[in-house]
Amino acid sequence: MSGDRAKFSLEDVKETYKKKDAWWTVLLVDPVASRLIVPTANHTNITPNQLSLFSFALGMVSVYCFFQGHTTALVVGAILYHISFIIDCMDGKIARLKGTGSTFGVLLDISLDHIRVVLAAAALTYSQFQLTGDVVYLYLGFLFLAAYCARHINALQLYKLRREMRGKLRKAKRKLKRTGEAAGIVIDIPKETATGVEQETDKPEEEEDETERDHETVNTELTQKKKFDLQQEFKSKFTTYMKIREFFLNKRIRMHLFSGIEFQMFVFVVAPIFGIIKEAIFFGTILLLAFEAAILYKIWLSTKDFQREQDKIETATAVIEATLPSEETEAVGNR
């Protein structure tokens, strides 16, 4: 870095933190990674992709240690695995800090992460089977991989479902706006942010007002919201949970307390050091699936909120359409 260029500070690095993250990352990784990023960003030209490759290389050394299987190798492998993960968390932060991120970099990082996890699980469980002759280790290896894959497939599908529900609501709301305009009613719909996600508001939802054709602007419950809240039923059922969630979010910790990150760290870091590989995989899988079940329940409640929101919008649209001539109604529907 040239001498006249401003230096990055620790506070600058903290600005690259995710709004919420796994507790393992927040408590055990970020404090170390952020302090390593400052000299790395200020005094080297190391790129995020180079960090990803270096992290993967350390991960492969860790895999080799796991494959050796004896106590010392397991401890060394666990330490190297955690160091590998710390470096892996540095690449994204440096990319955001310097603005050097790329689509290929994201793909490379994710791909290498999954390869590292799969090989580590295979090496760890197979080596213990070889040393002890206990076939349970092989079954646990398959159990780990099944749970890990199910977690990531589930996360992807849930993301698509959330996006689809919000997309349908935005589409329905745009139709409501067009129908209102055809009826001489101006319906203001808040603009979306650059990321395509509508901004949240802490203001209480307004009571729905009756609409009249001689009003220039309609202020209804549907048009006052800046975000489609698809967690209304969940929030009403679990008020204590929401308070606990707020406490953790203030510390950047997400409420998914046993995610894929904690799962692999318990198996590849905690278990080899303390000699509890069987227990870590078995109970870790139970915890992971329990949290996934909780997420599925939450999504199920969200689908009920989605249906209610969609019904409200479609009802409001139908009421306005009833006041329009048939040719105008068809014209609005075709747009």
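This passage looks at one proline, the annotated membrane segments and the cysteines of a predicted model.

Start with P48, which sits in helix α3, a helix covering residues 48-68. Its relative accessible area is just 13%, under the 20% cut-off, so P48 counts as buried. As for who keeps P48 company, leaving aside residues up to four places away in sequence, the contacts are D91, I94, A95 and T100. D109 is a further point of reference: P48 and D109 are 61 residues apart along the chain, yet their C-alpha atoms are separated by 9.1 Å.

Turning to the membrane annotation, the unreviewed UniProt entry puts "transmembrane region" features at residues 53-83, 104-124, 136-159, 255-274 and 280-300. Two of these stretches can be set side by side. Residues 53-83 come out as 94% helix and 0% strand, with the end C-alpha atoms 13 Å apart. For residues 255-274, the helix share is 75%, strand is again 0%, and the C-alpha atoms at the two ends lie 26 Å apart.

The cysteines round things off. No disulfides turn up in the model: the count is zero, with a pair of cysteine sulfur atoms needing to be within 2.5 Å to qualify. C89 has a relative accessible area of 14%, and because that falls under 20%, C89 is classed as buried. C149, by contrast, has a relative accessible area of 39%, which lies between the 20% and 50% limits and therefore makes C149 partly exposed.

Notes:
Residues are numbered from 1 along each chain as its sequence is written. This is a predicted model: local features need pLDDT of at least 70, side-chain atom pairs count only at pLDDT 80 or more; totals for chains, interfaces and linings use all residues. Side-chain values use heavy atoms; hydrogens and water are left out. Helices (H or I, at least four residues) and strands (E, at least two) are DSSP runs, numbered from the N terminus. Buried means under 20% relative accessible area, exposed over 50%, partly exposed in between (1.4 Å probe, protein chains only). Contact means heavy atoms within 4.5 Å. UniProt positions are given in the numbering used here, feature names are shortened, and annotations may be inferred rather than shown by experiment.
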